[in-house]
Amino acid sequence: MVLNDTGKINKIIVDAQDFGVKILPPHINKSGMNFTIDKDGVRFGLKAIRGIGENLAEGIIKERETNGKFTSLDNLLSRVKLSDAQVVTLIKSGAIPCKDKRKAIINYGKLGYNKKEYRPSKTLPSLLKLREQYGIDTDVITSKEERLEIYNKIRKEMFDKNQIEKYNKYKEDFSNKYLQDENMWEFQALSIFLNNNPFAKAYEYIRDFDEVENGDSCVVVGVVSKITKKKDKNKNQYAFVVMYTADGVLELTCWSSQYAEYQNMLVKDSKLAILCNKKDDKAFISKVKPYEQWLNDVKREGEMLSGE
């Protein structure tokens, strides 16, 4: 099942680049709603950025036209309401210019953490709690002021340790959500490859998945994004494979017999060429090859994963 329809746009971009037309990434200060022509080439529109959509794109453009260009990310955030996912997508797409996208996303993530400061207590708990939970010898330390000072010192150490653990957990969660698959960020944001399309050479050998009739076979090429493993009623393992492909994001089903044969290749970030059968508009894996090997094969022999 194709999760978005971008194969034709990818091919048009490759053809345009072959004719020397420069395809430019979106830009918060230069892009319109859709593709536009400027002095440097064809500019990607804001509306087509994944997760931005028409309403937000209109809002960004209206704010820019009314109150002037955006001068920084902070300036953008002060003028346009954006979610974390939308900010990250704008950075990944190139719409927010920066020298280092990863650093920009990390710095933005730091802004989202609500750091708390320790507030000293003005009262003491029971003597039993001071002794058992905080290790304060109330027989030796009899002054209320001294007890309170030691109590707050211990509580602050516990608070600071807890804050460090929370911040580290926040950074880990933020990284897992937004900082994975860096080589595919542009594709994640735009659903197409503007620069360094790893599958450009494959277009002359493959068809769009949507053009393939149900019941026919076809080859899809792409990068494995996610593997979800399952077990059938006979306890055999099969998998659903999500790939970034030349046609967009595609989900393929790999039944147990094929998974047993190809599981070592069906791993995250692998570039693969997959022969699949189309049934009810869904893709079912038949054979698998590393992408570069498949490309060399079809160039040399016209072979399309025939297994010969």
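A charge sits over a ring if NZ of Lys or CZ of Arg is within 6 Å of the ring centre and within 35 degrees of the ring normal. This is a predicted model: local features need pLDDT of at least 70, side-chain atom pairs count only at pLDDT 80 or more, and totals for chains, interfaces and linings use all residues. Residues are numbered from 1 along each chain as its sequence is written, and side-chain values use heavy atoms, with hydrogens and water left out.

**Exercise 1. Find the ring under the charged end of lysine 278.**

Solution. Start from the charged end of lysine 278. The ring beneath is that of phenylalanine 209. The distance to the ring centre is 4.6 Å.

**Exercise 2. Classify the ring pair of tyrosine 113 and tyrosine 170, then place both residues.**

Solution. Step one: the rule. Rings of Phe, Tyr and Trp (its six-membered ring) pair if their centres lie within 6.5 Å; planes under 30 degrees apart count as stacked, over 60 as edge-to-face and the rest as tilted. The count by this rule is 14 aromatic pairs.

Step two: the geometry. The centres of tyrosine 113 and tyrosine 170 are 5.2 Å apart and the planes stand at 50°, so the pair is tilted.

Step three: the position. Tyrosine 113 lies in the loop between α5 (101-111) and α6 (127-132), and tyrosine 170 in helix α7 (residues 144-178). They are 57 residues apart, so the pair links distant parts of the chain. Helices (H or I, at least four residues) and strands (E, at least two) are DSSP runs, numbered from the N terminus.

Step four: the exposure. Buried means under 20% relative accessible area, exposed over 50%, partly exposed in between (1.4 Å probe, protein chains only). Tyrosine 113 has 18%, so it is buried. Tyrosine 170 has 23%, so it is partly exposed.

Step five: the cluster. Ring pairs join Tyr113, Tyr167, Tyr170, Phe174 and Tyr178.

**Exercise 3. Trace the strand partners of β7.**

Solution. Two strands pair if DSSP finds at least two bridges between them. Strand β7 (residues 271-279) runs antiparallel to β4 (residues 217-231), with seven bridges. Here isoleucine 274 is the bridge partner of valine 220. Eight bridges join β7 to β8 (residues 282-290), also antiparallel. Alanine 273 is opposite lysine 289 in β8. The β7-β8 hairpin has two residues between the strands, and aspartate 280 takes a positive phi near 55°.

**Exercise 4. Decide whether cysteine 254 is buried or exposed, and check its sulfur for a disulfide.**

Solution. A disulfide is a pair of cysteine sulfur atoms within 2.5 Å. The whole structure has zero. For cysteine 254, the nearest cysteine sulfur is that of cysteine 276, 11 Å away. Cysteine 254 has a relative accessible area of 0%, so it is buried.
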